[in-house]
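This report describes one protein chain and the ligands placed with it. Please examine the sequence and the model shown here before reading on.

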Amino acid sequence: MPILLVFVLIAACLPVEWPQPPFAPAREAAFGLTVGAVAIVLALAGALRTWVVRTLRRDPSRRYEVARSYNKWRRFLFFVNIGTVTTCVLAFGWGWLAQRELLVFWNKSAQLAPFAELAVPLPYFVILIGCWLIYYDAERALHRVLHLGDRPFWPRSAYLLHNVRQFALMVMLPVALIVTQQTLNRYAPETTRTVVYKVASLAVVPCMILFMPLLMKPLLGLKSMPPGPTRDRFEALAKRLDFRCADFLVWNTHGASINAFITGLLPRVRYVVFTDRILEDLPADELDAVFGHEVGHAKHGHIWLYAGFLTLSLSVLAALVLFLTKYIDSATSEDMLRLRMWLEGFKSWLALPPVALVTAYLFVVFGALSRRCERQADLFGCKTMSCTDPVCTGHDEKTVYPPGGSCLCPTGIRTFAHALDRVRELNGMEHESGGRALRRVLRAVWGWLRAWQHGPMSQRIAYLLGLTDRLADEPRFQRRLFAFKCVLMLSLLVALVALGEAVGWKDLFDAM
Ligand SMILES: [Zn+2]
Ligand SMILES: [Zn+2]
């Protein structure tokens with residue numbers, strides 16, 4: 001759940017006056033309680049590791065059961081870790097201690113040192129690195145008994161580096177941007193008020209999306225796909241689909257991940273990335289179907305759509321917050337004055353609700369858009385492997401595939417559905433079924449929350465297989481999705497114009 005983590009970390013780095021520890025002596029209490037809490041969660045991780053290693057040593061035949069329990073507990077402990085650090089910051093006084101101890105004198109007043117807000121979520125970073133070091137042994141033991149090919153498990157340092165790289169790119173990059181902006185606000189307030197700075201800080205997000213692929217390659221250690229039959233097939237397929245990209249890249253995860261993704265807005269800075277394991281474990285036709293899914297994202301303009309959606313949405317949310325602030329500040333009615341008095345008591349906390357608002361909004365609205373776009377890309381994956389015969393029963397060497405991926409046939413759909421099914425199998429996802437009603441409901445909710453961007457695998461597969469004997473439903477889906485995208489983007493545009501007029505465009509620009 002990187003998105004949840006990103007917003008929790010951003011919230012921790014905001015200029016909030018964190019509360020004091022529960023008892024005196026304050027500094028010692030904050031420090032002692034936090035160190036104790038961190039030690040307890042690391043001990044829990046250690047206990048899980050020991051259980052996995054010992055059980056597998058004693059009875060390797062329990063490997064599937066152990067793997068399932070390990071994954072379940074590790075996910076559970078992820079939330080325990082976040083909860084523990086939140087408690088340290090909010091109740092044990094860690095946030096207060098960090099802000100108090102890291103002051104420096106600047107311009108005749110005490111200021112938080114540059115980038116010192118990162119010390120507030122510091123306990124989380126300690127837990128995270130500790131967990132990577134601890135879980136390594138459990139992962140290695142599981143790797144041995146699950147026989148993931150003949151590949152040896154990677155050394156501890158490489159495993160650590162792999163995790164650090166992923167975390168840096170997906171979580172720390174946005175957090176670092178916010179922290180840099182806050183540091184500049186403190187140490188160069190005049191600069192941050194200039195128009196050039198404002199425009200630059202607004203342009204950061206689109207620029208990041210545009211140049212992310214160039215950053216991603218060295219950060220994740222991605223390598224160009226070596227020449228060979230797979231690359232030749234992808235190149236031929238790209239030509240048939242009229243798709244251009246800068247390169248096909250391989251992500252060496254030592255068999256840890258079965259995944260593929262596309263990144264980049266423009267063909268010159270666009271990459272299609274495959275992990276080592278998906279290239280090794282998927283048969284050629286299913287791999288081509290997965291490649292087709294990624295091409296589908298580009299063909300349907302999803303990356304542009306997401307960039308536009310995020311830019312518009314964040315502007316609308318900023319305008320909405322400004323509008324509400326102005327409304328409450330200018331109101332004169334009795335109730336509003338009372339509300340204002342009440343809010344005054346939480347003054348130092350008011351940076352937090354907008355973060356919660358953005359998180360919830362992305363989860364619900366972006367989730368809805370993303371799941372529909374994933375289905376559209378799934379359909380493009382099916383079309384990539386489809387012939388022109390809508391009632392075909394199978395393909396052979398003589399099958400002719402139409403250029404551009406313009407047809408849909410039952411065999412193409414089944415090929416792509418098999419690929420999804422295999423990825424699900426290899427990832428060990430959604431295996432469990434049965435159990436009591438409440439457990440089933442909880443599992444379904446959890447499955448949905450985890451799959452908020454893609455939708456649960458089983459639903460994606462069921463939808464596609466259902467299409468094989470009613471191909472006419474596909475154009476209807478495309479029309480509905482087009483209408484959904486138009487309504488969504490137009491609503492955002494209308495909301496932005498209305499709010500911009502209400503609060504004044506200059507004020508809105510200044511507030512961004
Ligand atoms: Zn996708
Ligand atoms: Zn066919």
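Which residues does H293 touch, not counting residues up to four places away in sequence? The residues are E374, A377, D378, G381, F416 and R460. The model in which these contacts are found is a predicted one.

## The first zinc site

H293 has its place in helix α11. With a relative accessibility of 6%, H293 counts as buried, because the cut-off for a buried residue is under 20% relative accessible area. The chain reaches well away from this residue: the C-alpha atoms of H293 and V38 are separated by 42 Å, and the two residues are 255 residues apart along the chain.

H293 is also one of the protein donors of the zinc ion (ligand 1). The donors are H293 through NE2, H297 through NE2 and E374 through OE, and they lie 2.1 to 2.2 Å from the ion. Along the chain, these donors follow the spacing H-x3-H-x76-E. H297 belongs to helix α11 (residues 284-299) and E374 to helix α14 (residues 352-384), so this pair ties together parts of the chain that are 77 residues apart in sequence. H297 and E374 are both buried.

## R460 and its contacts

R460 is part of helix α17, which covers residues 457-467. What is the relative accessible area of R460, and is the residue buried or exposed? The value is 9%, and R460 is buried.

Leaving out residues up to four places away in sequence, R460 touches H293, E374, D378, L420, H454 and G455. Among these, H293 and E374 are donors of the zinc ion (ligand 1). The side chain of R460 is also joined to that of D378 by a polar contact of 2.9 Å.

## The second zinc site

The zinc ion (ligand 2) is coordinated by C387, C392 and C409 through their SG atoms and by H395 through NE2, at 2.1 to 2.3 Å. The angles among the four donor atoms are 102 to 115°, and the site is tetrahedral. The spacing of these donors along the chain is C-x4-C-x2-H-x13-C.

Two of the donors may be considered for their accessibility. C392 counts as buried at 8% relative accessibility, whereas H395 is partly exposed with a relative accessible area of 24%. The reason lies in the cut-offs: a residue is buried under 20% relative accessible area, exposed over 50% and partly exposed in between.

## Domains and nonpolar cores

The domain assignment divides the protein chain into domain 1 (2-193), domain 2 (223-299) and domain 3 (302-511). The C-alpha centres of domain 1 and domain 3 are 28 Å apart. Contacts link these two domains, with 14 residues of domain 1 meeting 13 residues of domain 3.

The largest nonpolar core has 80 residues, and those that touch the most other members are L5, L9, V52, Y124, Y135 and F167. Helix α5 (residues 122-146) supplies the largest share of this core, 13 residues. Where does the core lie with respect to domain 1 and domain 3? Both domains give residues to the core, so it lies between them. Y135 gives a closer view of its surroundings: beyond its neighbours within four places in sequence, Y135 is in contact with A45, L48, Y70, R74, L77 and Y159. Another core, of 42 residues, lies apart from the one just described and includes A289, F291, I413 and L420.

## Backbone features

Most residues other than glycine have a negative phi, and most peptide bonds are trans. Against this background, three places deserve attention. A cis peptide bond joins A24 and P25, with omega about 0°. P25 is found in the loop between α1 (2-13) and α2 (26-58).

F115 has a positive phi near 60° although the residue is not a glycine. This residue is found in the loop between β2 (109-112) and α5, and F115 is partly exposed, with a relative accessible area of 42%. D242, again not a glycine, has a positive phi of about 60°. The place of D242 is in the loop between α9 (229-241) and β4 (247-251). At 59% relative accessibility, D242 counts as exposed.

Terms used: Residues numbered from 1 in each chain as written. Chains lettered and ligands numbered in written order. Predicted model: local features only at pLDDT ≥ 70, side-chain atom pairs only at ≥ 80, totals over all residues. Heavy atoms only, no water. Donors = N, O, S within 2.8 Å, 3.2 Å for Na, K, Ca; no water. Helix = DSSP H or I, 4+ residues; strand = E, 2+ residues; numbered from the N terminus. Buried < 20%, exposed > 50% of the residue type's maximum accessible area, 1.4 Å probe, protein only. Core = buried A, V, L, I, M, F, W, Y, C linked by side-chain atoms within 4.5 Å. Domains from an automatic or database assignment. Contact = heavy atoms within 4.5 Å. Polar contact = N/O pair within 3.5 Å; in protein donor to acceptor, adjacent residues only side chain to side chain. Tetrahedral: all angles 85-135°; square planar, octahedral: opposite > 155°, others 65-115°.
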